[in-house]
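Trainee: I'd like a close look at one part of this model: the salt bridges. Take me through the pairs one by one, and then through whatever sits around them.

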Amino acid sequence: MKGLIASFIISTTCTSAWAQIASSSFFPSVRSINPGVAHLRAQALISLDGSKKDINKNHDITTGGIVGGVKTDVALQKNTLFGATKGSKVTFEGMFDYETGEKTEHINSTTYGLRNVTNSAKSMYGGGIVDFGLIGLGFAKAKYDTFNRFRVGSPPDVSANDFKAEIDYTLLKAGSAYNINGFTVGAYVMQRVATADYSYTYYDPQTGAPGSTEVWPAETKSTGYGVGSGFTAKKFRVEASIEKMAQSDLEMKENPLELIKAPPESVRLSVAGEMRLGKLSLGARVRQIMGNFADLEDLIPSNLLYSELSASDERLETSFNFGWGSDKGITYSAFFTQSTAETEEESTIFMNGEKYPAKTTSTSYGVNLSYYF
């Protein structure tokens with residue numbers, strides 16, 4: 001069973017990030033997290049999918065005269081093109097991803113009443129893998145842009161500002177994976193560099209007219225690794241892995257409003273299992289994430305929702321997947337996603353250092369068209 005005609009997934013992460021650190025997944029339309037796993041692929045393919053995700057967050061903020069906390073809605077739309085060759089002496093993978101999103105924070109205060117704070121974002125990702133068997137190399141570029149508008153009051157008493165961030169990411173990976181009599185082991189190392197320009201526009205409190213704009217450049221660098229092991233047979237596959245990203249090094253000249261922060265250390269633990277029953281394939285995965293560990297394909301959720309998480313904040317993600325189909329030709333698939341996470345987070349509006357309980361629910365759905373060679 002290689003092609004997917006239908007799939008059902010429960011997860012908060014990109015569906016392409018199914019665990020692939022020690023061995024290749026039974027679902028070939030997913031990328032290899034470890035670039036050294038690509039040579040274990042049993043199927044060549046090209047696929048295109050489109051998806052939507054709706055995220056709702058209730059943040060129990062009890063400061064600044066807030067009534068009932070801050071309620072946040074995020075709407076995301078993503079399109080992904082992915083292709084891979086069958087495992088051989090040299091194996092290739094490539095993926096392009098484009099996502100747009102809008103975040104709206106609904107605030108009810110005793111001073112200003114009901115108001116909305118809007119934040120739009122978009123991200124682009126392009127990456128590839130070349131796997132020579134003994135070692136695989138991966139390279140990826142990603143871009144994240146966000147624009148936040150804050151408006152309160154009316155002349156002659158206006159509180160308003162615009163905040164923009166333009167961030168360019170570069171990711172390098174090197175890894176290797178082996179299958180010896182069914183027992184699998186894999187590991188990779190990575191380096192991520194992000195260069196950014198943050199701009200802040202002030203508004204005249206008397207007239208509401210835009211005033212001066214300040215621009216602050218910054219750069220962060222971080223290293224990480226992933227290690228996984230498991231067992232792969234003809235009918236089933238299991239894998240456990242740990243991935244860790246170190247505290248980022250931050251370089252900047254100015255940060256007067258303390259809007260620029262270095263991402264803290266983060267860890268992702270994963271356990272995954274898959275099995276085949278004739279033409280039916282089943283999969284399950286449990287992930288525990290500490291901090292804001294995220295793939296470059298998930299920049300919008302990572303930046304809009306989880307950017308304030310500390311290294312000690314945790315969330316649990318549970319995923320299920322099934323497929324039915326043939327080994328060759330065109331196949332169609334669809335997926336549905338649902339998840340809930342409970343965290344303790346700072347407020348991105350008040351920035352007072354206090355943490356408040358937050359509950360985030362996520363629902364997404366999409367369709368996929370694939371051709372298996």
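**Salt bridges, pair by pair**

Mentor: Let's start at K221, which is partly exposed because its relative accessible area is 36%. The scale, with a 1.4 Å probe and protein chains only, runs from buried (under 20%) through partly exposed to exposed (over 50%). K221 pairs up with E219, the closest N and O atoms being 3.8 Å apart. E219 has 22% relative accessibility, so this partner counts as partly exposed too.

Keep in mind that this is a predicted model, where local features need pLDDT of at least 70 and side-chain atom pairs 80 or more, while totals for chains, interfaces and linings use all residues. Numbering starts from 1 along each chain as its sequence is written, and side-chain values use heavy atoms, without hydrogens or water.

With a salt bridge taken as a Lys or Arg side-chain nitrogen within 4 Å of an Asp or Glu carboxyl oxygen, the count is 15.

Now over to K78, which has two partners to look at. One is E99, with 3.8 Å from N to O. That pair ties together distant parts of the chain, 21 residues apart: K78 is in strand 2 (residues 70-84) and E99 in strand 3. Strands here are DSSP E runs of at least two residues, and helices H or I runs of at least four, numbered from the N terminus. Both E99 and K78 are buried.

The other partner is D298, where the closest N and O atoms are 3.5 Å apart. This one spans 220 residues, from K78 in strand 2 to D298 in the loop between strand 12 (280-290) and helix 1 (299-304). D298 is buried, as is K78.

There's also a network to trace: salt bridges link R31, E243, R268, D295 and E297. Follow R31 and you get to the second largest cavity, since R31 is one of the residues nearest its centre, along with I33, Y125, L171 and K173. A cavity is a set of points on a 1 Å grid where a 1.4 Å probe fits but cannot get out, and lining residues have an atom within 4 Å of a point.

This cavity holds about 300 Å³ of space and has 28 lining residues. Strand 3, home of E99, is among the elements that give two or more residues to that lining. Strand 4 (113-131) gives the most, with 4 residues. By type, the lining splits into 15 nonpolar, 5 polar and 8 charged residues.

Definitions and conventions: On a 1 Å grid over the protein atoms alone, a cavity is a set of points where a 1.4 Å probe fits but cannot get out, and a pocket is an open set with protein on both sides within 12 Å along at least five of seven lines; lining residues have an atom within 4 Å of a point. Grid points are joined across faces, edges and corners, and a volume is the space filled by probe spheres set on the points. Ala, Val, Leu, Ile, Met, Phe, Trp, Tyr, Cys and Pro count as nonpolar, Asp, Glu, Lys and Arg as charged, and the others, Gly among them, as polar.
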